Amino acid sequence: MISDRLAIAEDAARLAGALLRDRLGTDLHARAKDISTNLVTEADTASETLIRQVIASELPEEAVLGEEQGEGAGLGGRRWIVDPLDGTTNYAHGYRCFCVSIAYEEDGVLQLGVVYDPMAGEMFRARRGKGADCNGRALQVSDCRHLRDALLVTGFPAHDVSKPLANLGPFADFMRQAQALRRDGSAALDLCYVAAGRMDGFWEPGLHAWDIAAGALIVEEAGGRTSDYRGGPLVIDGEQIVASNGRIHDDMLGILRPHA
Ligand code: IPD
Ligand code: CA
Ligand code: CA
């Protein structure tokens, strides 16, 4: 049952979050994965191993796609999608903006997502069709109706040198039209902040499924909207995401469509 899986996801996220919190500021042995901006630390790997152990101890036959250890085979269209540490660069610098993100899908449809911020002690959760909450309080996107009043957040992908630069055009356009922009370094938390009404919209190119799967469902279940840059349905490994409170979505697309 999905509710059992939600409990498993929460358990795994809490344990992994505690591990990250405990290791923060210790010797992390950060190293570059492919290019110098794309980091991995021992904490990323340890966190993913722990999450895999928790899932496997309850549901040994289910596939897990994790950022650091790839995809394991599973049965029946059921798959977990795990980012064991979203915000690695922040983490490696001791900047306390990072989280654990765990989603679960059936036949390509996201069913649940949890994002845990161990420093703030915030557990964001959503189940398809059942709403979203943070530490038990229902989440609701903001009421902001105009870009000029909107606080927007984005990111610059770390794993490909050309992609961050490609986001400078939209960044400049939004800077002219929105109230303010932020770049905080954890896409999963950016999405949860949109769901919580702390931010009004988020966009980013070049992200992977593990960065956004849980957060996108949390936004949708909090009453928000997600899409690609053209306004089509979000594809979690499609490397383009726009997420908003829904009210400013079309205005965001107006800026992003030419960059699709
Ligand atoms: C990164 C974060 C960041 C985003 C990068 C991602 P990681 O994930 O989500 O906000 O801008 O594109 O790669 O590498 O810290 O898990
Ligand atoms: Ca990530
Ligand atoms: Ca990661």
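Biologist: What pLDDT does the protein average?

Modeller: This is a predicted model, so confidence is a good place to start. In the protein, 92% of the residues score at least 70. The average pLDDT is 93.

Biologist: And in which helix is confidence lowest?

Modeller: At the high end stands helix H6 (residues 187-195), with a mean of 99. Where pLDDT is low, the predicted coordinates should not be read in detail. The lowest mean, 69, belongs to helix H4 (residues 162-166).

Biologist: Let's turn to the metals. Which residues coordinate the calcium ion (ligand 2)?

Modeller: The donors of this calcium ion (ligand 2) follow the spacing D-x2-D-x124-D along the chain. Their distances run from 2.1 to 2.2 Å, and each donor is an OD atom. The residues are Asp83, Asp86 and Asp211.

Biologist: Which residues coordinate the calcium ion (ligand 3)?

Modeller: Here the spacing of the donors is E-x15-D-x1-L. An OE atom, an OD atom and a backbone-style label, O, appear at 2.2 to 2.4 Å. In that order, they come from Glu67, Asp83 and Leu85.

Biologist: How many residues apart in sequence are the parts that Glu67 and Asp83 tie together?

Modeller: Glu67 sits in the loop between strand S3 (63-66) and strand S4 (70-71). Asp83 belongs to strand S5, so the pair links parts of the chain whose separation in sequence is 16 residues.

Biologist: Which residue bridges the calcium ion (ligand 2) and the calcium ion (ligand 3)?

Modeller: The calcium ion (ligand 2) and the calcium ion (ligand 3) lie 3.7 Å apart. One residue appears in the donor list of ligand 2 and again in that of ligand 3. The bridging residue is Asp83.

Biologist: Is Glu67 buried or partly exposed?

Modeller: For contrast, Asp83 has 0% relative accessibility and therefore counts as buried. Buried means under 20%. Glu67 has a relative accessible area of 22%, which makes this residue partly exposed.

Biologist: Now ligand 1. Which residues that surround it are the closest?

Modeller: In total, 17 residues surround ligand 1. By class, they are six nonpolar, five polar and six charged residues. The closest are Asp86, Gly87, Thr88, Gly185 and Glu204.

Biologist: Which strand gives the largest share of the shell around ligand 1?

Modeller: The largest share amounts to three residues. They come from strand S5 (residues 78-86).

Biologist: How much of the accessible area of ligand 1 does the protein cover?

Modeller: Backbone atoms take part in holding polar contacts here: a backbone N or O atom of Leu85 lies 3.1 Å from an oxygen atom of ligand 1, and one of Thr88 lies 2.8 Å from an oxygen atom of the ligand. A polar backbone atom of Ala187 is 3.0 Å from an oxygen atom of ligand 1. On its own, ligand 1 has 380 Å² of accessible area, and the protein covers 94%.

Biologist: How many of the nine residues of H6 are buried?

Modeller: Ala187 is among the buried residues of H6, as are Leu189, Asp190 and Cys192. H6 is largely enclosed by the rest of the structure, because the buried residues number eight of the nine.

Biologist: One last site: with which side chain does the side chain of Ser244 make a polar contact?

Modeller: Ser244 lies in strand S15 (residues 240-244) and is buried, at 0% relative accessibility. A polar atom of its side chain lies 2.8 Å from the backbone nitrogen of Gly246. The side-chain partner, also at 2.8 Å, is His249.

How values were computed
Residues are numbered from 1 along each chain as its sequence is written. Chains are lettered from A and ligands numbered from 1 in the order in which they are written. This is a predicted model: local features need pLDDT of at least 70, side-chain atom pairs count only at pLDDT 80 or more; totals for chains, interfaces and linings use all residues. Side-chain values use heavy atoms; hydrogens and water are left out. Donors are N, O and S atoms within 2.8 Å of the metal (3.2 Å for Na, K and Ca); water is not among the atoms, so sites may look incomplete. pLDDT is the predictor's confidence in each residue, from 0 to 100. Helices (H or I, at least four residues) and strands (E, at least two) are DSSP runs, numbered from the N terminus. A residue is near a molecule or strand if one of its heavy atoms lies within 4 Å of it. A polar contact is a pair of N or O atoms within 3.5 Å; within protein, one must be able to donate a hydrogen and the other to accept it, and residues adjacent in sequence count only if both atoms are side-chain atoms. Accessible areas come from the Shrake-Rupley method with a 1.4 Å probe; for residues, only the protein chains shown count as cover. Ala, Val, Leu, Ile, Met, Phe, Trp, Tyr, Cys and Pro count as nonpolar, Asp, Glu, Lys and Arg as charged, and the others, Gly among them, as polar. Buried means under 20% relative accessible area, exposed over 50%, partly exposed in between (1.4 Å probe, protein chains only).
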